[in-house]
Amino acid sequence: MDWSSVTAEDLVDALREVDWSTPPRPVSEFFSRFTAPRSYSKWTSRLKCNLYYYRTNYFILIMFILGMGFLRKPVSILAAFSTGLSIAFLNDSFAVTFNEKVTRTVRQFSPHLAAKMRPPLRPVIRGRPSSKRSIHICGRPRWVFVVLFSVVSCFLWMTSCSLLTVLWALIVGLLATLLHASFRTPNLKARLNTFREEFRAVWRNYSEF
């Protein structure tokens, strides 16, 4: 894949739609080989490739750095967890998987309540859905949970009085992610994974017609 032709908007859309439930890459692979990029175009291409391939590792890294900054403040840990959960809900795969697991758990205790948690059905016109599929969580639109956990996290951050610490921890986490993505040499597995994700995207778009 020619990552130099991929825009930042395309990368954000791909990270939003891709499956985040996969386990992180092994530590031995994550810290395997580092080299300096030879040009600006090589650097931007490597940066986009690594951000996409090691997305789960970077997410865990940032959450770990945030957690390390608040070991003495349990409220801040809850705030970091709420913030991470609100961001994770923006990903389609995570939101769908979370909804399925919650619905499956509730069904064991109350099938009637689980039936109410199903997403609304879309009308079908001439054998095709009339609108694009929208993501629902527990029968409610996804944005409801995103806003809810964002408000909760903001309230917890304000009560813990750790906004400055959050800012510094977030800067350190983003800087560590940027440095790793800039100097980690993309391996063959990263390139093959990219081609596989491209094929899945093409097949998914084909199946919609």
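Select L178 in this predicted model; the residue sits in helix 9. L178 is partly exposed, at a relative accessible area of 38%. Display its surroundings, leaving out residues up to four places away in sequence, and the residues that L178 touches are W43 and L47. A C-alpha to C-alpha distance drawn from L178 to L47 reads 7.7 Å, although 131 residues separate the two in sequence.

Next, show the surface around L178. The residue belongs to a nonpolar surface patch of about 670 Å², whose other members are V27, F31, F34, L175, L179 and F183. Which helix gives the patch its largest share? Helix 9, spanning residues 163–183, does so with four residues. Move then to V27, another member of the patch, which is located in helix 2 (residues 27–30). V27 has a relative accessible area of 61% and is therefore classed as exposed, the cut-off being over 50%.

Zoom out to take in the whole chain. The protein has 10 helices and four strands. Colouring by element from the N terminus gives the order α-α-α-α-α-α-α-β-β-β-β-α-α-α. Of the 209 residues, 33% are buried. The exposed area of the protein is about 13900 Å², and carbon and sulfur atoms supply 68% of that area. Among contacts with a separation of 6 or more, 80% are between residues 24 or more positions apart.

Now highlight the stretches that the unreviewed UniProt entry annotates as "transmembrane region": residues 52–71, 77–98, 143–160 and 166–183. Two of these spans can be inspected in turn. For residues 52–71, the end C-alpha atoms are 30 Å apart, and the span is 80% helix and 0% strand. For residues 143–160, the corresponding separation is 25 Å, and the span is 100% helix and 0% strand.

Select helix 4, residues 55–68. This helix of 14 residues reaches 20 Å from its first C-alpha to its last, close to the 20 Å expected at 1.5 Å a residue. Show the side chains of R55, T56, N57, Y58, I62, I65 and L66, which are buried. When viewing the helix end-on, recall that an α-helix has 3.6 residues a turn, so residues three or four places apart point the same way.

Proceed to S82 in helix 5, residues 74–88. Is S82 buried or exposed? Its relative accessible area is 7%, so S82 counts as buried, the limit being under 20%. Which residues surround S82, once neighbours within four places in sequence are set aside? The contacts are F149, V152, S153 and L156.

The final stop is the structure's one salt bridge. Select D92 and R142, whose side chains meet with an N to O distance of 2.6 Å. The pair links distant parts of the chain, with D92 in helix 6 (residues 92–109) and R142 in helix 8 (residues 142–160), 50 residues apart. Side chains of opposite charge can pair when their charged atoms come close. Colour the two partners by accessibility to complete the view. D92 is buried, with a relative accessible area of 16%, and R142 is likewise buried, with a value of 16%.

Definitions and conventions
Residues are numbered from 1 along each chain as its sequence is written. This is a predicted model: local features need pLDDT of at least 70, side-chain atom pairs count only at pLDDT 80 or more; totals for chains, interfaces and linings use all residues. Side-chain values use heavy atoms; hydrogens and water are left out. Helices (H or I, at least four residues) and strands (E, at least two) are DSSP runs, numbered from the N terminus. Buried means under 20% relative accessible area, exposed over 50%, partly exposed in between (1.4 Å probe, protein chains only). Contact means heavy atoms within 4.5 Å. The expected span of a helix is 1.5 Å times one less than its number of residues. Patches are made of residues with over 30% relative accessible area and no salt bridge: like charges are joined within 9 Å, nonpolar side chains (Val, Leu, Ile, Met, Phe, Trp, Tyr) within 5 Å. Accessible areas come from the Shrake-Rupley method with a 1.4 Å probe; for residues, only the protein chains shown count as cover. A salt bridge is a side-chain nitrogen of Lys or Arg within 4 Å of a carboxyl oxygen of Asp or Glu. UniProt positions are given in the numbering used here, feature names are shortened, and annotations may be inferred rather than shown by experiment.
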